[in-house]
Amino acid sequence: QVKADLQEQTAADEAAIAAAAELLRTGGTVAFPTETVYGLGADARQTSAVENVFVAKGRPSDNPLIVHIADEAQLRTLVKPYGDTERALMRRFWPGPLTLVLPALEGAVSPRVTAGLDTVAVRMPDHAVALRLIAESGCPVAAPSANRSGRPSPTVAEHVREDLNGRIDGIVDGGPTGVGLESTVVQVEAPGVVRILRPGGITPVQLREAAPTVLLDESLEALERKDATMVPQERAVVSDSPAVGTATAVPAAAPRSPGMKYTHYAPRGSMQLVHGEPDDVRAYITKALQAAAAEGEITGVLTYDEHAASYHADAVISCGSLMKLETAAQGLYAALREFDARGVQRIWAEACSSDGIGLALMNRLEKAAGHQIVYLT
Ligand code: TXA
Ligand code: MG
């Protein structure tokens, strides 16, 4: 009955939060808003509840979950003593879109949460509904993004319903999320040295406010050093080679954050990400669109407000403004879902700068493209 009530409920009012907290306590699975994306929560200590999260998402079981907390007292029940750098990061960025990988206290959470690792990823979300839900449940809440595995993460409750309706026990609708991309996952390697395992809402420059040395996981370095490890692209995308430049693709090193190795965030159509000077990118995509349209394919372009008028395709979708990449981050996942809604078969996405939030944006686009990446040089 609680289940039915929650599905009726659309506003995240007191009653909805109380019902959702009760579901968490009793081993249920509940989707809830955070400042990044919607999460699918379960009590991190109850193995069967956590298993239901993996089943609902269709998520590979070797990919560990983030544990969400509402206060420092909860943190002390989860992790072993940690150093000053971790403390500085928490003080500067919690509550907020930063996840810290910390040494786990044995037995504090189900081994299904950590996928057998001796560390646990923890974050305190900066969202009033999430914080109230976690506090009221009294549970450390294990929560991956509330999408079917591989699909774009949900930034509104409607996306959660699209993917998980009937597969979970409840949804708390708190309206659109803020950042639009997931949290930054980091691990402290030595005092003052932080490694980014997954780029996200907190940028490398921001991290430097709390730790002097910020490193990128090797699997992410291609995002910053595009020229370092390029290999010839195996398969040309359009039958005749593009008029401008040479197409190259970057191989990915094995990432340390287990989730980073999976294809993710992907629309159903095949997508290619195109880097280069704006004029070259426009010429390349225009030509590719013409070739695909001639073959009768439903085509799409993922672009930015400033460039949207220069394309002709079945779906020209802007995720936001190049002048303010935060808006593009907010709009990315809804844009990817929109291609699916319009039945688009072939998508070309314009790359943008990987400065600031652009690092996370390009990381998600590279994964959405299944590493079909072209550099026009
Ligand atoms: O913004 C977010 O982080 C969202 C919201 C719901 O909080 N959650 C989220 O969770 O994105 P998920 O499960 O989709 O991503 C968790 C990431 C994965 O890349 C996973 O491999 C990594 O965190 N991770 C979790 N535990 C880890 C650990 N002990 N060591 C290294 N990486 C870990
Ligand atoms: Mg996810």
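# Exercises on a predicted model: cores, sheet and salt bridges

Of the 49 residues in the largest nonpolar core, L89, W94, L98, V122 and L207 touch the most other members. Such a core is a set of buried Ala, Val, Leu, Ile, Met, Phe, Trp, Tyr and Cys residues joined through side-chain atoms within 4.5 Å. The model is predicted: local features need pLDDT of at least 70, side-chain atom pairs count only at pLDDT 80 or more, and totals for chains, interfaces and linings use all residues. Residues are numbered from 1 along each chain as its sequence is written, and side-chain values use heavy atoms, with hydrogens and water left out.

## Exercise 1: The cores

Task. State which helix gives the largest share of the largest core, and list the contacts of L89.

Solution.
1. The largest share, five residues, comes from helix 3 (residues 47–57). Helices (H or I, at least four residues) and strands (E, at least two) are DSSP runs, numbered from the N terminus.
2. Leaving out residues up to four places away in sequence, L89 touches W94, L98, L100, V186, V188, V194, L207 and A210. Contact requires heavy atoms within 4.5 Å.
3. Another core, of 31 residues, lies apart from the largest one; among its members are M271, Y333, C352 and A369.

## Exercise 2: The sheet

Task. Give the strand order of the open sheet and identify its edge strands.

Solution.
1. The sheet has 10 strands in the order 7-1-2-6-3-5-4-8-9-10, with mixed pairing. Two strands pair if DSSP finds at least two bridges between them.
2. Strand 7 and strand 10 (213–216) each have a single partner strand, so one side of each is left without a neighbour in the sheet. These two strands therefore stand at the edges.
3. Strand 10 pairs with strand 9 (residues 193–198) in the parallel sense over four bridges. In this pairing, V194 stands opposite V214 in strand 10.
4. Helix 5 (residues 84–93) packs on the sheet and touches strand 4 (98–103), strand 8 and strand 9. The direction of helix 5 makes about 155° with that of strand 4; axes are lines fitted to C-alpha atoms, for helices over the stretch in contact, and angles run from 0 to 180 degrees between N-to-C directions.

## Exercise 3: A salt-bridge network

Task. Describe the salt bridge between D340 and R268, and place the pair in its network.

Solution.
1. A salt bridge is a side-chain nitrogen of Lys or Arg within 4 Å of a carboxyl oxygen of Asp or Glu. The structure holds 20 of them.
2. For D340 and R268 the N to O distance is 3.7 Å. The pair links distant parts of the chain, 72 residues apart: D340 lies in helix 12 (residues 325–341), and R268 in the loop between strand 12 (248–249) and strand 13 (270–275).
3. Buried means under 20% relative accessible area, exposed over 50%, and partly exposed in between (1.4 Å probe, protein chains only). D340 is therefore buried at 13%, whereas R268 is exposed at 64%.
4. Both residues belong to a network of salt bridges that links R151, E162, D163, R268, R337 and D340.
5. R151 is located in the loop between strand 6 (141–142) and helix 8, and is buried at 12% relative accessibility. Beyond its neighbours within four places in sequence, R151 is in contact with E162, D163, Y265, A266, R268, R337 and D340.

Notes. Chains lettered and ligands numbered in written order.
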